[in-house]
Amino acid sequence: MSETYDVVIIGGGPGGYNCAIRAGQLGLKVACVEKHTKLGGTCLNVGCIPSKALLHASELYEQAGTDFARLGIKVEGLKLDLPAMLKQKDETVDGLTKGVEFLLKKNKVVRIKGTGRIAGAGVVVVDGPDGETTLTTKNIVIATGSEVTPLPNVEIDEERIVSSTGALSLAKVPNKLVVIGAGIIGLELGSVWRRLGAEVTVVEFLDRITPGVDLEIAKAFQKILAKQGVAFKLGAKVTGVEKLKTKLKVSVEPAKGGDAETLDADVVLVAIGRRPFTEGLGLKEAGVAVSNRGVIETDHFKTGVDGVWALGDCVAGPMLAHKAEDDGVAVAELIAGKAGHVNWDLVPGVVYTDPEVAWVGKTEEALKEAGTPYKVGKFPFSANSRARTNHETDGLVKVLAHAETDEILGVHMVGTGVGEMIAEAALAMEFGAASEDIARTSHAHPTMTEALRQAAMGVEGWTMQM
Ligand code: FAD
Ligand code: NAI
């Protein structure tokens, strides 16, 4: 006789496990079904965490070889130990996934190993190591995340033609890496391997990098990456990759037509986006509507089917771990009869390169398109005293505020450590702050955060620092 749960969550990624923990805290009887041996989903196993572990280590490696000398620090015999770098990444992942397991236990969540599918109203069937188990529940939460978008004619083998997953574990530094897609994954992982010694060329379909990022910031970012040695082929598409014994031949064509060219590579990284993963869940049979892009359709996390909820990467909104986490908490609270809500318009984004790119709210292009009257304040890090002291002067901060009300509508930054700085802007915007609120708030000196204050001051034209 199977037990009846209040909630069965399918998927143990940031969306699923945060939903499980919050539901457990609220006294609900919860099961979390995960098909992989480790909890944590894409983010902990093959996403946020391992990529940041490699970004951090490779950044220090590069700094030791280039920047330390001018600080008066001599490094002799600097050498890359790639297996050790990969090992510390794997150890971090292991530690964090075990942490999730501990948190589920602590909150009395039953962890069920196997692949779940919806088998009717309030019924989830799990195909696990010991055969099939049927779970009955009042609520089903779909938190099955996303997967790599494939590129036609370019078959991923995770050794020479890799997705982000393979690019997190290359056994050696490629001489030549071709990255397809100048989005977040392409630029983060492209940066890792460039710092470790690869010659990196990024091929991007559009005539700009990082679509969705404020264009002025994206252009500044591209210039910085180019200065670091990343080569860009914008407005170009890869039409195929030929695998020879010793190298790969990548065929590239201008997106709008024209002469094709061939690039040599040792490794090709396919990073053209991610798409919702809902395979084998039985959504159609259950009557759960999915858009033609594969996104589960929801209204405040409710699918059209009573008692079936969905969240995270498999629904609308930015495909980010912290958004999935917030979705998870909101769904647990809604199920428990509380007022769960997530403001998808104010989810901050960060590209963890060096310098970092960070943003929250609307871009200047979006404001123009919507016809919203706005004012702009900007401040370059080259005029910030902490940035100059640390020799980290690349980049700028840009604040967009409503021309009449002064409400902050968007904050966009490129610069060292801006991934940490963006939280201030997100908080201010959640509180409906005006640019003047930031401009008149004391910021410690000397800090990089003063650049945000100065940009906010710039909205009314009273920027003061150098
Ligand atoms: P997922 O994390 O994908 O979890 C879904 C889980 O469901 C998986 O564990 C899967 O095994 C399981 N599952 C699927 N189907 C079933 C089934 N039928 N039965 C049982 N289990 C099932 N985001 C950030 O915010 N910051 C970053 O720095 C960042 N870096 C990233 C780097 C890379 C290389 C990648 C690929 C992604 C990165 N992301 C980052 C995005 C982030 O990983 C995702 O937004 C986040 O993991 C989404 O969480 P989720 O719970 O919706 O889905
Ligand atoms: P992306 O959507 O960020 O970028 C994909 C890029 O590929 C776009 O610039 C697109 O124009 C381009 N493209 C699409 N088709 C192409 C083609 N045929 N040829 C050349 N270029 C093509 O997707 P990406 O980088 O794969 O990342 C997926 C998602 O994972 C991100 O959008 C983000 O949600 C998440 N992520 C978040 C990170 C973070 O928060 N730091 C880090 C890594 C991933």
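**Two ligands and the chain around them**

Me: Which residue has a polar backbone atom 2.9 Å from an oxygen atom of ligand 2?
Reply: In this predicted model, the contact pairs an oxygen atom of ligand 2 with a polar backbone atom. The two atoms are 2.9 Å apart, and the residue is Gly273.

Me: What share of the accessible area of ligand 2 does the protein bury?
Reply: Taken alone, ligand 2 exposes 840 Å². Of that area, the protein buries 79%.

Me: Which residue has side-chain N or O atoms, one of them 2.9 Å from a nitrogen atom of ligand 2?
Reply: Ile185 also contacts ligand 2, but through a backbone N or O atom, which lies 2.9 Å from an oxygen atom of the ligand. The contact with a nitrogen atom of ligand 2 instead uses a side chain, that of Glu188.

Me: Which helix gives the largest share of the shell around ligand 2?
Reply: The shell around ligand 2 has 23 residues, and Ile185 and Glu188 are among the closest. By class, there are 15 nonpolar, 4 polar and 4 charged residues. The largest share, 4 residues, comes from the helix that covers residues 184–195, helix α6.

Me: Why does ligand 2 lie between two domains, and which are they?
Reply: A ligand lies between two domains here because both give residues to its shell. For ligand 2, the contributors are domain 1 (2–148 + 275–345) and domain 2 (161–271).

Me: How much of the accessible area of ligand 1 does the protein cover?
Reply: An oxygen atom of ligand 1 is 2.9 Å from a polar backbone atom of Gly15, and a backbone N or O atom of Met319 lies 3.2 Å from an oxygen atom of the ligand. On its own, ligand 1 has 990 Å² of accessible area, and the protein covers 95%.

Me: Which element gives the most to the shell around ligand 1?
Reply: Ligand 1 is surrounded by 39 residues, which divide into 15 nonpolar, 19 polar and 5 charged. Elements that each supply at least two of them include α1 (14–25), β4 (115–120) and α9 (321–335). The most, 4 residues, come from α2.

Me: What radius of gyration does the chain have, and why does this value agree with a compact globule?
Reply: The chain has 466 residues, and a compact globule of that length would have a radius of gyration near 23 Å. The value for the chain agrees with this, at 24 Å.

Me: Where does the cis peptide bond between Asp354 and Pro355 have its omega, in degrees?
Reply: Asp354 and Pro355 are joined by a cis peptide bond. Pro355 is in the loop between β18 (349–351) and β19 (356–361). Omega of this bond is about 0 degrees.

Me: Which residue follows the cis peptide bond with His445, and lies in the loop between α13 and α14?
Reply: The bond has an omega of about -5 degrees. The loop runs between α13 (435–439) and α14 (449–459). The residue joined to His445 is Pro446.

Me: Is His391 buried, partly exposed or exposed?
Reply: His391 has a positive phi of about 55 degrees although it is not a glycine. Buried means under 20% relative accessible area and exposed means over 50%. At 38% relative accessibility, His391 is therefore partly exposed.

Me: Is Asp406 buried or exposed?
Reply: Asp406 lies in the loop between β21 and β22 (408–415), and its phi is near 70 degrees, a positive value in a residue other than glycine. Its relative accessible area is 10%, so Asp406 is buried.

Conventions:
Residues are numbered from 1 along each chain as its sequence is written. Chains are lettered from A and ligands numbered from 1 in the order in which they are written. This is a predicted model: local features need pLDDT of at least 70, side-chain atom pairs count only at pLDDT 80 or more; totals for chains, interfaces and linings use all residues. Side-chain values use heavy atoms; hydrogens and water are left out. A residue is near a molecule or strand if one of its heavy atoms lies within 4 Å of it. A polar contact is a pair of N or O atoms within 3.5 Å; within protein, one must be able to donate a hydrogen and the other to accept it, and residues adjacent in sequence count only if both atoms are side-chain atoms. Accessible areas come from the Shrake-Rupley method with a 1.4 Å probe; for residues, only the protein chains shown count as cover. Helices (H or I, at least four residues) and strands (E, at least two) are DSSP runs, numbered from the N terminus. Ala, Val, Leu, Ile, Met, Phe, Trp, Tyr, Cys and Pro count as nonpolar, Asp, Glu, Lys and Arg as charged, and the others, Gly among them, as polar. Domain bounds come from an automatic or database domain assignment. The radius of gyration is taken over C-alpha atoms; the globule rule is 2.2 Å times the number of residues to the power 0.38. Buried means under 20% relative accessible area, exposed over 50%, partly exposed in between (1.4 Å probe, protein chains only).
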